[in-house]
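Reader: Could we go through this structure together? I have some short questions, and I shall change topic as we proceed.
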Amino acid sequence: MTSFFEEETTLFADLILPVPIPSLFTYRVPREMSELIKVGARVIVQFGKKRVITAVIANIHTNPPVKYQAKYILELLDEQPIVTARQLELFKWVAEYYLCNIGEVLNVALPAGLKITSQSRIQLNPEFDYEELLTEQEKLILEEIKKHQTLSYEEVERLIAKSNITSVIKSLVGKRAIILFEEVKERYKPKVVRKVRLGASFLDNDALVKLTSSLDKVPKQQEIVLKYLSHVPVYNNPELNQKGLDKSFFSQDDKISNASLNSLIKKGIFEQFEIFVSRFEDIPLKDGAVITLTESQKEASAQIHELFAEKEVVLLHGITGSGKTEVYIELIKQALQSGTQVLFLLPEIALTTQIVIRLRKVFGDVMGIYHSKFSDNERVEVWKGILDGKFQFVVGVRSAIFLPFNNLGLIIVDEEHETSYKQHEPAPRYNARDVAVIMSYMHKGKVLLGSATPSLESYYHAKNGRYGLVEMTQRFGNAALPTFELIDIKKEKKQRKMKNEFSSVLLENLEHNLKNKEQTILFQNRRGYSPYLQCEECHWISECANCDVSLTYHMRVGELRCHYCGHKEEVPRTCPNCGSTKVKTMGYGTEKIEDEINLMFPQARVQRMDLDTTRAKNAYQQIIQEFEDGGIDILVGTQMVSKGLDFDNVSMVGIFDADRIIHFPEFRASERAFQMLTQVSGRAGRRAEKPGKVLIQTANPAQKLLERIITNDYIGMYEAEIAEREKFNYPPFTRLIKVTVKHPDEPVSNKAAKILAEKLTAELGTSRVLGPQPPLVERVRNQFLFDILIKLEREKINFKAVKSFIQEKVIDVLTDKTLKSIQVIIDVDCL
DNA sequence: AGCACGCCGACT
DNA sequence: GTCGGCGTGCTC
C-alpha cells in the first residue's frame, strides 16, 4: 500500500487549547513528528504573536485548512497520550452539556503540572551602552535587570512598584537595551531520591575484605563502607546491592560528612544513582486489619450488587452512623477483584479526614489520592499513576472525575447531596455527581450514590425506578440515635433566661458535659464575630464598598471583611457617619460563640473550626486530631463540623439559629436545612451505651421541618418537599438553567437582562422563564447582577436545542452596541 | 484568556 | 505635543 503520495502527505492536528474559545485550532505536523504523534498527547505551539502554550491533540488528519495558513507544531511533549480517547469524549460532552468551551474543560481537568505556560523573560542586551538615552524609569528597570540577570514582567512590576509596564519594556527593547525571550517551563518535577551502592568490582568477598583494609588510613570512609555493609549484607547476597541505600541515610549521621561519602563516589567504590519515588509514602499503608461486615452491611452490599445487574445507578440511603464506609469498602474490593478501576468521590473537606486513612489501610498503594490541598506534583503523579496502571483506585474530590481512567467499573459518590460537587466558578459549571453518571455509561460501569440525607433529585430517581434504592436504617453497632430537644428561645427571652445567644438549657447541658469530661460540638453556620456593625445613634451599618452586603466583623484579626469579594477594612472606632462612639456588634458568628464560652467557662478548652481557622494546609486535620485525642472540650464551628467526622466521645451537639437556615430565601431551603441539621446531629453519640443529645435553639419549635429532623423522618420531608416542587415546577420535575447578566452600570445590566428575558420568554413562554430579578446580593465586586431562571420540564423537551437557543439569544444581546460590554454566565443545572 | 492595535484625555 | 487609559478584535 505504500506509494509516493502517502509519504508526501502532510499531517494536520486539531488541538484543544486551554483558552475559552469555542473552536479547535489546526496546526501542521512537522514531518519528523508525524510517526510519533498521537491523539491525546500534548504539544507546544505558538498561539498568537508571541504566546507559547501547551495544547492537547484532539484529532489528526490530512485536510489542510483552506482559510488560513496553519502554523507548525513546535514540540511534541508526550510519546504516549496523557489524555485518553474516552476523556476527550467526556470533555466534549461536558462542554456541550454545560455550555462552555472544551478548552475550559481541559483547563480544570489537567492538573497545572501538565500544563505548560510560557512567560516572557527580560534580560540585558550585553551590547548596550547608551544609558544616557534612557528615561529615569527605564534606568530604574535596567538596574533591576542587572541585579537579577533575568526577570519576568510581573517581577519587574513588583520591583519598581508600578503596573502596566509593557510599553516601557517595549521602548527598552526598541532602544536595544534589553532582550526578551520566551521561557517554557515544564511544571511537573518527579521526586527523586539519590542513592548509592557499591561499585560492581567490590561485590565478591575477597574484594570486600581488601577494600575495607585498604581504607584503614581514611577511617571516615572506612566507617561509611562498614555502615553500608551492616545495612546491606552484600557478602551473603550480592543482589541486595542493586537497591543501594539513600544518600540521606548517611547524612542523618552526624559523624559522617558528605565530603567523605563523595570521595568514595569519586574513587568508584560507591556508585551514585537516582530513583523516582512516589510522594504518597508518608500515608500509612495496609495494616492487615480485617473488616467484618455486620448483618445489615452485608445485606446492603448484597442488595447493591443485585441492583447493579439491572440499574446503572444505585442510591444507598443509610442514616448517619449506619456504617456506609464498610459497604463501600466491600464493593470497592469486589470491583478491583474483577479487574476494573474504581473512583471514590468525596466532598473537599471530608477528604482530609479519617476515611482516607481507613481506605488507605485497606487498599494500600493501589490507591491514589487526588485532593486540592495536595501539591501539583502529587496530582500529576496520580494522573500518571492511573495511566500506567499503578493506581487502580482513586479517592478524590470533584475534579478527580476528569482523571484518565480507561476501565472504570465503579464510581462511588459519597455524600452525594453535597453542593460542593457542583463547580460555580469558573466554567465548566459541572456537577461531578452527574458527570459520574455519564462517565459510567461511557465505561459501562456502575455508580453508587451514598448519603444519609439524599438530594431530592436522587431520591426521586430512586423512587421512580430510574436508580436502584438501598436503605440502611440501623446505626452501626446498634448505637442509639441521639435524643433531641427543641429550645424555645422566644420563651426563654421572655423569662429573661437567655445569656446572649445561649439559652439556659444549653448552658446547663454544657456545664454538665464539661463536668463529665464529655465533648460538645456547637454549630453556628456563620463565621466571624458578628455579621455586621451598627451605630446605635444613626443606625449606620458596616457595608462593603464593592458589594451589596454588610461587612463581617472578625475580631481576631481586628478587621471588617466582605465574604463576597474579600475586601478588608479596619474597624472604625467611631461611627463613620455621625462620629458616635456607640458602634455595636450585631448578630453573632463562630468567633463570638467561642469568645463567650471562654468568658463563661474559663476552664473549658475551646477550639473554633471554620474557614478562618483551617486555611493552612494541615490546620483542619490538626484540629480534628486534637479533638479526637481529647484535647478539646468544645468545638465551635460552621458546617465544617457536620461533614463525615466520627468522634466517640461527643455526647452533645448544640445548634444555634436553626431558623435562619430553615428560612433561607431559596426554594431548596427546607431540603438544605434538613440535610445540614441532620448531618450535624449525626455527630452526637456514636456509641451504643450512651445516646447523644442534640439541642436546637429556635424561635419556633412547632415547625414541621424541625419535627421531621428530630424524628429522623427523611421520607416525610421528602414527600412534603416533592409536592411543593411539583406544584411550582422545580427540580426534579424540571431542569434549571440560570442566566446571570453582569455589568458595572446598573441600568445597562438591567436593560440587557430585560431584553434577554423577553427574547427567551417569546419562545419558551412565561411559565418557563422567571425574571430578570436581582439575586440576594445584587452587586458583587462592583458588578450589578440580574438573574434569569429558566425551568424546563424533563419530558418532551429537546434540552439540547433549548440550550443552543439560549446561547443564540445571549449572542444576540451581546451584538447590541450599547450592551456588548455585559458579561453573561449560563449555569446549567444550577443549584 | 492574553495580547496588540487604536483612539481619546491630562500631563511633561 | 506625548503618555497611557482601556474598548475592540483576533488567535490556527
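Author: The conversation below turns to sheets, cavities and two individual residues.

Reader: Before the details, what kind of model is this?
Author: This is a predicted model.

Reader: Let us start with the sheet of seven strands. What is its order, and is the pairing parallel or antiparallel?
Author: The order is E14-E15-E13-E16-E17-E12-E18, and the pairing is parallel. The sheet is open.

Reader: Which strands stand at its edges?
Author: Strand E14 (367–370) and strand E18 (468–472) do; each has a single partner strand, so one side of each is left without a neighbour in the sheet.

Reader: By how much are neighbouring strands turned against each other?
Author: The average is 15°, with direction ignored.

Reader: Take E13 and E15. How many bridges do they share?
Author: Strand E13 (residues 341–345) pairs with strand E15 (residues 393–396) over four bridges, in the parallel sense. Within E15, the residue opposite Val342 is Phe393.

Reader: Which strands does helix H12 lie across?
Author: Helix H12 (residues 324–337) lies across strand E12 (313–318), E13, E15, strand E16 (408–414), strand E17 (446–451) and E18. Relative to E16, helix H12 runs at about 170°.

Reader: Now the sheet of three strands. What is the order there?
Author: That open sheet has the order E22-E23-E24, and its pairing is antiparallel. Strand E22 (552–554) and strand E24 (568–570) are the edge strands, each pairing on one side only. From one strand to the next, the twist averages 35°.

Reader: How many bridges join E23 to E24?
Author: Three bridges join strand E23 (residues 559–561) to E24, and the two run antiparallel. As an example of a bridge, Leu560 has Glu569 in E24 as its partner.

Reader: Moving on to E9: which strand does it pair with over eight bridges?
Author: Strand E9 (residues 191–198) pairs over eight bridges with strand E11 (residues 270–277), in the antiparallel sense. Val196 has Gln272 in E11 as its bridge partner.

Reader: And how many bridges are there between E9 and E10?
Author: There are two bridges between E9 and strand E10 (residues 245–246), again in the antiparallel sense. Here Lys195 stands opposite Asp246 in E10.

Reader: A change of topic. How many cavities of 30 Å³ or more are there?
Author: The count comes to two cavities of 30 Å³ or more. The largest cavity holds about 40 Å³ of space, and the second largest holds about 30 Å³.

Reader: Which residues line the largest cavity?
Author: Its lining consists of Pro18, Arg42, Thr54, Ala55, Val56, Leu106, Leu110, Leu114 and Lys115. By class, these divide into six nonpolar, one polar and two charged residues. Strand E4 (residues 51–61) gives the most to this lining, with three residues.

Reader: And which residues line the second largest cavity?
Author: Arg86, Gln87, Leu90, Leu403, Phe405, Met439 and His443 line the second largest cavity. Four of them are nonpolar, two polar and one charged. Helix H2 (85–97) and helix H15 (432–443) each supply at least two residues, and H2 gives the most, with three.

Reader: Back to Leu106 in the first lining. Where is it placed, and is it buried or exposed?
Author: Leu106 is in helix H3 (residues 102–109). Leu106 counts as buried because its relative accessibility is 2%, under the 20% limit for that class.

Reader: What does Leu106 touch, leaving out residues up to four places away in sequence?
Author: Leu106 touches Ile16, Pro18, Val56 and Phe91. Of those contacts, Pro18 and Val56 also appear in the lining of the largest cavity.

Reader: How far apart are Leu106 and Pro732?
Author: Leu106 and Pro732 are 626 residues apart in sequence and 29 Å apart in space, taken C-alpha to C-alpha.

Reader: Last, Asp633. Where does it lie?
Author: Asp633 lies in the loop between helix H20 (619–628) and strand E27 (634–637).

Reader: Why is Asp633 classed as buried?
Author: Asp633 is buried because its relative accessible area is 13%, and the class takes in values under 20%.

Reader: Which residues is Asp633 in contact with, neighbours within four places aside?
Author: The contacts of Asp633 are Leu514, Glu518, Gln519, Thr520, Gln603, Ala604, Arg605 and Phe627.

Definitions and conventions:
Residues numbered from 1 in each chain as written. Chains lettered and ligands numbered in written order. Predicted model: local features only at pLDDT ≥ 70, side-chain atom pairs only at ≥ 80, totals over all residues. Heavy atoms only, no water. Buried < 20%, exposed > 50% of the residue type's maximum accessible area, 1.4 Å probe, protein only. Contact = heavy atoms within 4.5 Å. 1 Å grid on protein atoms, 1.4 Å probe; cavity = no way out; pocket = protein on both sides within 12 Å on 5 of 7 lines; lining within 4 Å. Points joined across faces, edges and corners; volume = space filled by probe spheres on them. Nonpolar A, V, L, I, M, F, W, Y, C, P; charged D, E, K, R; others polar. Pairing = 2+ DSSP bridges. Axes fitted to C-alpha atoms, helices over the stretch in contact; angles between N-to-C directions.
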